[in-house]
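Me: I would like to go through this model step by step. Short questions, reasoned answers, please.

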Amino acid sequence: MTILLVEDDEVDIMNVKRAFKKNNISNPLVIAHNGIEALEVLRSTATDAPKPRIVLLDLNMPRMGGIEFLKEIRQDPELSSLSVFVMTTSNEDGDKIDAFNLNVAGYILKPLSMDRFIAAVSTLKSYWTLCEYPE
């Protein structure tokens, strides 16, 4: 199952890749640096590669932030069923409320330590491994 990481910070992208490796997650990982790029990936018909079913989403990004991206995919019948996990540094109640009102599967604060980040990604792996997705 392909996973889309929507993240503008190169250090955070490397941390996600490192955490995937430490947790033996071999799922294909597609990177988009903002919501506009993510929508292009999700709506692209140019490739035969499987479309992502899980999105790891940062909220604070240039061009199109995470909440705006969520609003866009939730209004699109082709994308509305995506499982989206917010992974952000924002601990603002307003962001949490907005995200959950847009039907996110989870809201995870990016931990400061790599060990805690690896543990958070391990929990995500357990979750999406247990979930059954339609063909």
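**Around N34**

Reply: Start with a polar contact: the side chain of N34 reaches the backbone nitrogen of I36 at 2.9 Å. Bear in mind that this is a predicted model.

Me: Which other backbone nitrogen lies 2.9 Å from a polar atom of the side chain of N34?
Reply: N34 sits in the loop between β2 (29-32) and α2 (35-43). Its side chain has a polar atom 2.9 Å from a second backbone nitrogen. That nitrogen belongs to E37.

Me: Is N34 buried or exposed?
Reply: The cut-off for buried is under 20% relative accessible area. N34 has a relative accessible area of 4%, so N34 is buried.

Me: Which residues is N34 in contact with, leaving aside neighbours within four places in sequence?
Reply: N34 lies in a loop, between β2 and α2. Its contacts beyond four places in sequence include one with V6. The full set is V6, M61, P62, R63 and M64.

Me: R63 is on that list. Where is R63 placed, and what is the sign of its phi?
Reply: R63 is in the loop between β3 (54-57) and α3 (66-74). Most residues other than glycine have a negative phi. Phi of R63 is near 65°, and the sign is positive.

Me: Does R63 count as buried or exposed?
Reply: Exposed means over 50% relative accessible area. R63 has 59% relative accessibility, so R63 counts as exposed.

**The whole chain**

Me: In what order do the elements of the protein chain run from the N terminus on?
Reply: The protein chain has 5 helices and 5 strands. From the N terminus on, the order is β-α-β-α-β-α-β-α-β-α.

Me: What radius of gyration does the protein chain have, set against that of a compact globule?
Reply: The C-alpha atoms fill a box of roughly 35 × 35 × 25 Å along the principal axes. For 135 residues, a compact globule would have a radius of gyration near 14 Å. The protein chain agrees with this, at 14 Å.

Me: Among contacts between residues at least 6 apart in sequence, what share joins residues at least 24 apart?
Reply: Buried residues make up 45% of the 135 residues. As for the contacts between residues at least 6 apart, the share that joins residues at least 24 apart is 69%.

**Helix α5**

Me: What span should helix α5 have, and how far apart are its end C-alpha atoms?
Reply: Helix α5 covers residues 114-130, which is 17 residues. At 1.5 Å a residue, the helix should span 24 Å. Its end C-alpha atoms agree with that, at 24 Å.

Me: Why are the buried residues of α5 on the same side?
Reply: The buried residues of α5 are F117, I118, A120, V121, L124 and W128. They lie on the same side of α5 because they cover an arc of only 160° around the axis. On the other side, D115, R116, T123, T129 and L130 are exposed.

Me: Which elements do the buried residues of α5 pack against?
Reply: One helix among the partners is α1 (10-22). Strands are among them too, including β1 (3-6). The full set is β1, α1, β3, β4 and β5.

**An aromatic pair**

Me: What is the geometry of the aromatic pair of F85 and Y127?
Reply: The structure holds 2 aromatic pairs. F85 and Y127 form one of them, at 5.3 Å centre to centre. The pair links distant parts of the chain: F85 is in strand β4, Y127 in helix α5, 42 residues apart. With 85° between the planes, the geometry is edge-to-face.

Me: How does Y127 count by relative accessibility?
Reply: Its partner F85 is buried, with a relative accessible area of 2%. Y127 has 38% relative accessibility. That value lies between the 20% and 50% cut-offs, so Y127 counts as partly exposed.

**Two more loops**

Me: Which residues does L102 touch, not counting those up to four places away in sequence?
Reply: L102 lies in the loop between α4 and β5. L102 is buried, with a relative accessible area of 16%. Its contacts are I67, L70, K71 and R74.

Me: Which residues is S90 in contact with, leaving aside neighbours within four places in sequence?
Reply: S90 is in the loop between β4 and α4. S90 is buried, with a relative accessible area of 7%. Its contacts are N60, D95, Y107 and L109.

Terms used:
Residues numbered from 1 in each chain as written. Predicted model: local features only at pLDDT ≥ 70, side-chain atom pairs only at ≥ 80, totals over all residues. Heavy atoms only, no water. Helix = DSSP H or I, 4+ residues; strand = E, 2+ residues; numbered from the N terminus. Expected span 1.5 Å × (residues − 1). Buried < 20%, exposed > 50% of the residue type's maximum accessible area, 1.4 Å probe, protein only. Arc of directions from axis to C-beta. Contact = heavy atoms within 4.5 Å. Phe/Tyr/Trp six-rings, centres within 6.5 Å; stacked < 30°, edge-to-face > 60°. Polar contact = N/O pair within 3.5 Å; in protein donor to acceptor, adjacent residues only side chain to side chain. Rg over C-alpha atoms; globule rule 2.2 N^0.38 Å.
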